[in-house]
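Biologist: I'm new to this structure and would love some help finding my way around. Could you take one part and walk me through it slowly?

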Protein chains: 2
Amino acid sequence: MAHQKTQRADLTPFLAPKSVAIVGLSRSALDDAVSVLTSLRDFGYGGRVYVINPSMGRVPERNVYPNLADVPEMPDLAVVSVARHLVPAVMRDCAAKGIRAAIVITQGFGDSDAEGARLQAEMLEIAQGAGIRIIGPNTIGVANALARFTSSFIEIHPDTAPVGQVAQSGLFMMGHHLINNEPGGFCTTIDLGNACDVSLVDVIEHFAAEPAVRVIQCHVERIDQGQEFLAAAERIGKQKPIVVLKAGRTQAGQAAVASHTGAAAGENQVYTAAFRRAGVVAVTGAEELRLVSKAFVTYPPPRGRRVAIMTFSGGGAVLAIDVLDSAGLSLAALSPATRAALEPLFPDWLAVENPVDCWIPLARDMHANYPRILEALLQDPGVDAVICIYCSYKLPKYAAYDCSSHLRAMAKKYPAKPILGWTYGLDVAGFTREVERDGTVMVFPTLDGLARSLASLAGWGEFRAAPMRTLSAPLPADAGSVRKALGAATAKGTTYLFAEALDILAAYGFSVAPWRLARNPDDLARAARELSFPLCLKVVSADIVHKSDAGGIRLGLCDSGQLGAADRDLRAEVARRVPGARIDGVLVQEMAPKGFEVMLGARRDPGFGPCVVMGAGGIYTEILDDYAFRLAPLVADEARAMIGETRIARLLAGARGGAAADVEGLVEALRRLSQLVTEHPQIREIDLNPLFVGTRGAVVADARIIL
Amino acid sequence: MAHQKTQRADLTPFLAPKSVAIVGLSRSALDDAVSVLTSLRDFGYGGRVYVINPSMGRVPERNVYPNLADVPEMPDLAVVSVARHLVPAVMRDCAAKGIRAAIVITQGFGDSDAEGARLQAEMLEIAQGAGIRIIGPNTIGVANALARFTSSFIEIHPDTAPVGQVAQSGLFMMGHHLINNEPGGFCTTIDLGNACDVSLVDVIEHFAAEPAVRVIQCHVERIDQGQEFLAAAERIGKQKPIVVLKAGRTQAGQAAVASHTGAAAGENQVYTAAFRRAGVVAVTGAEELRLVSKAFVTYPPPRGRRVAIMTFSGGGAVLAIDVLDSAGLSLAALSPATRAALEPLFPDWLAVENPVDCWIPLARDMHANYPRILEALLQDPGVDAVICIYCSYKLPKYAAYDCSSHLRAMAKKYPAKPILGWTYGLDVAGFTREVERDGTVMVFPTLDGLARSLASLAGWGEFRAAPMRTLSAPLPADAGSVRKALGAATAKGTTYLFAEALDILAAYGFSVAPWRLARNPDDLARAARELSFPLCLKVVSADIVHKSDAGGIRLGLCDSGQLGAADRDLRAEVARRVPGARIDGVLVQEMAPKGFEVMLGARRDPGFGPCVVMGAGGIYTEILDDYAFRLAPLVADEARAMIGETRIARLLAGARGGAAADVEGLVEALRRLSQLVTEHPQIREIDLNPLFVGTRGAVVADARIIL
């Protein structure tokens, strides 16, 4: 996929064309109840529509032309749905006509076989030569209620919700406003399809500049231009929340992405780290995407995460508390003033606390007590948001229990504090319509969805309030010698560095356990003289990346005799386990001082660039799945946060009476690693495992670099 | 809460009374649009209703009596809603009248203050003396569409779904059929409230015997009679699925349970282990409770977990795959026959694989190709269930794309393979009604809910097919000496055993690293002679449970000189760190042979009895949160499954070229521990940490028992 251009596409001809050529509409579709013509009519499109079909003659009353060339004006947009092998020719016709925007509906390009990939490249080359921008192929195109234009042959819910949607699948455009048959939930939507030209970044830049869009909603399966996306999202996300559903999360899911869009997806962790860096609001499913987007339209972000719960049902309160924790929200402690205001309403045997189980005062007089209790909670300075759980009765019979007007009135009076509803009962749908009438309160279909939405609001509020990240000055390092070493390795065609990796780390200020390379018994004897016992041996071989798997490590050697025996034994075992491996020598190394075993690593993602990882070291690395992950370059606070995310952080802090490790030393090591991988793009992957973190400083015992 | 009785309550008078006395209906409620009288009328109750209110005179035309004694017959049931201090007197009136069943609506008993708890005990004592069974207090009571009876003053959705519901909150009775305004989803429901008498077990036994109930749906906040529940659930659950929402999951949630029902909830892990043992279908939220129950009404359990996906949208397929993994389902591999059947329908550039993205054949001819593709998938012997993702168009305009009749027809033809729907589009609600018309296919509001429901069906199928668990013969053990040791400790008032714990474990066949107790330098010298160096020292003190925190451990002592110095140093440090601790001596112990450090433990839950836990040992125990948990007694397969659940299982199996540990030896150790804790109820808690699991056998290095 070619994405050399950085010039942003102007999306106006796609979203609000004054005239459009429909290329490839079949004769039968002309009178079909379901076609782009009926969609445009139902959507209220006011522009000029031309139908191009070479197999038909000129049909003046239906604006049908056999060729694009015959159309009496230059249309703003072509919507192309001819068979895939005809698309390059159509693109040439567009170029000849001077058209600058094309939506290619047709499937079977980069999403299918080699011939499809070839056709896609051919089409793109023609378009780029003529200055034509393309949405698609393999797309339904766009729908834009702001200009009443759509390229979809299926009807789209027209809606003016201030949400701009961009997706890699038509599913979202068709509407994922499940169950309730709500309106679409967006005013403008773009299905990127294979995204051969117009990209996710083009679209979010467009939405950033569009005043009718307050929330940007994205469905992505992969992001090709990771660093462009990051830069745009971090800047735009400070103004408008960017809510992203990244599909293809699991391993199995990623396989399907590959077959769906024609390329493998990046790793989950890279996306997570990228989204965190850019302040993107990440969600995990279609329904959550809908709910969170709607929540951003309905509410401002709360000032904090402290939640009061007001409920008709004690059982409902327990269910609500169950979801707060996992969403990262907390139960507010009510102030003495709030308790004092509420206590007169409750029997003396009922302690007033959060959650406020208010059935008794409500059964006495709902219309007097509901607003009184809710207002007391909203006035509490320790409460950032209120969850209201209530029963949805059949109206008007149960008008005495109808709290909907109070919810709306309080939302108007206290707009800074979200009031979030969850309900059960006889007429949930009807009651929900009443509660949501002003667009200031939402009723959530699940408590889990409610809590996640509130947490998303709070998280974005925190991102928006945080200052822009500023990088600190680089740490002193001998970048020149590293460049030389990497250059030498590249010249030799070496892709795996071991002994050289230790030198490179030393050049970047890491403490490395002292070592010598021994190619023969003389070297070994010299190493024994120059280093302090106990020593260890590690095989040096360009053919062996996993030294312990190959039997290429010997630890705890206490004298020259042991050293010699271990050297012979190691060489024999490696030769047996990895037949044919070239053994360049052994690395003789002082046993590292005691400390906690930690693993640091970095790798370069093709989309998002260098990333840094930290986790438990030694034998625990792979089984514990206890990693923290960030994009490089890292600032110190990010390094500290990474360490804090891992379980082994508790060990480092000195659990169970042990001494605390030098966490700031580890922070520095992470920054040095981040700097190393950022400054030297040849490094594809680097592992420090184990790094021993002691009470003062951290010492590298083993490392490898992959170029 | 008194639960001495094991005699099951007959629920007929509660659920299908021929006559009922409403005690405490206010004068105003007599003519209110919302009261139990209107609910009974609307529900179609055909029995006799008496209203008791001492503040009113006799009102013959409304069947009002000042006293229960005046009622001209003995009612089957009393529904009591007088103020709490009057409830004991009403219970006496019921006893005098000969009434045998009472629903106590009133709040403010065990759910509130000390006076409430006292009143609850008083009421219960009167009832038990007179043979009256009570539902409640603090309840809305019951609703039973089978006999058209309810005690609720709020209208209940009448429904004949074959689901029996029992809850600890009225919320569920009021209906948690969210969003869609579906019918209630149950034919009979009981709100247990404080459950002072009629219990969860009484209700599930009733539902087990009720032919109109096929699925038992439970909301519980705590289960008091854990072992009774287990026995009943395991037996009944083989016939009818028992779906349970356990509320109060998180720590914060548990605090709310305490204030809501008047007692602390058991630990999450104990419930998880208990539910697993009993084959209970556990769900995590109200919406999942509804969906899973409905799924059990709609579908038989599938034969396996292999899923085919048939979709209008490639994007939908990726979303579906994302949820399969985490639910424990897998993507089916299509057979060559299935591929051969499907390939003619697809263009040659599209590879036919699962998920089957079938937009192209459907766009050509939906009504020919939808049933053909779906049937090919259903006929594939490697497919256990099919997820259908489709767009819900507005009918009749889009009748050419309406797949609902095909879904119903295929569900009828292949009843053993669930067809599960997920949809998006213009008329989800209308299309869903069409698809669900026969009750053979469900449309799920989220893919996540779909996958969890299917996994629940599959899990119950596996439980139902598994043979009843049979315990193997106990391993040889010296139970007599352990009884004696525990008896002696109890007699001395000791509650924490350390050296004795090692003896007790040895009596149950555990290998324990050889040790001696040294109270003085002479003992120490003798120990040095009798044991093999290297040795370690551990403080022995009834005041010190966490020895390492107290500085009470010295490792790797290589000769008598080091031993003596370490002994003095240890005593001094312990005295400094834990001032006033009585030091009974030091335990001198051989350093255990190398192996993987594992932690085994057991504790006795007040409700469910003894439970066994296994996890990573040593310093990693508490930080890794890598535990497996089961109820005792354990069978060998359960022990194996426990080990397999932990992350350290990969280390034990010999990760990264290491030797495999003796997993069967660990299985035996788990069985011995299970047997020990089951046979000796005085043991409240026992910890073996670390247990070194080597290549042959496992050796206990440290242990403690709490009585």
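Modeller: Happy to; here is a close look at one strand, followed by one residue in a helix and the chain around them. Please keep in mind that this is a predicted model.

Let's begin with strand E31 of chain A, which covers residues 703–706. Ala703(A) and Ile705(A) point one way from the strand, while Arg704(A) and Ile706(A) point the other way. In a regular strand, side chains alternate between the two faces of the sheet. All four of these residues are buried.

E31(A) has partners, too. Strand E20 (residues 496–497) of chain A runs antiparallel to E31(A) and is joined to it by two bridges; here Leu497(A) stands opposite Ile705(A). Strand E29 (residues 685–693) of chain A also runs antiparallel to E31(A), with four bridges between them. In that pairing, Asp687(A) has Arg704(A) as its bridge partner.

Now for the helix residue. Leu666(A) sits in helix H24 (residues 663–679) of chain A, and it counts as buried because its relative accessibility is 0%. Leaving out residues up to four places away in sequence, Leu666(A) touches Val598(A), Leu600(A), Met614(A), Ile643(A), Leu652(A), Leu691(A) and Val693(A). Val598(A) is 68 residues away from Leu666(A) along the chain, yet their C-alpha atoms are separated by 9.2 Å.

Stepping back, chain A has 24 helices and 31 strands. Of its 707 residues, 62% are buried. Among contacts in chain A with a separation of 6 or more, 73% join residues 24 or more positions apart.

Methods: Residues numbered from 1 in each chain as written. Chains lettered and ligands numbered in written order. Predicted model: local features only at pLDDT ≥ 70, side-chain atom pairs only at ≥ 80, totals over all residues. Heavy atoms only, no water. Buried < 20%, exposed > 50% of the residue type's maximum accessible area, 1.4 Å probe, protein only. Contact = heavy atoms within 4.5 Å. Pairing = 2+ DSSP bridges.
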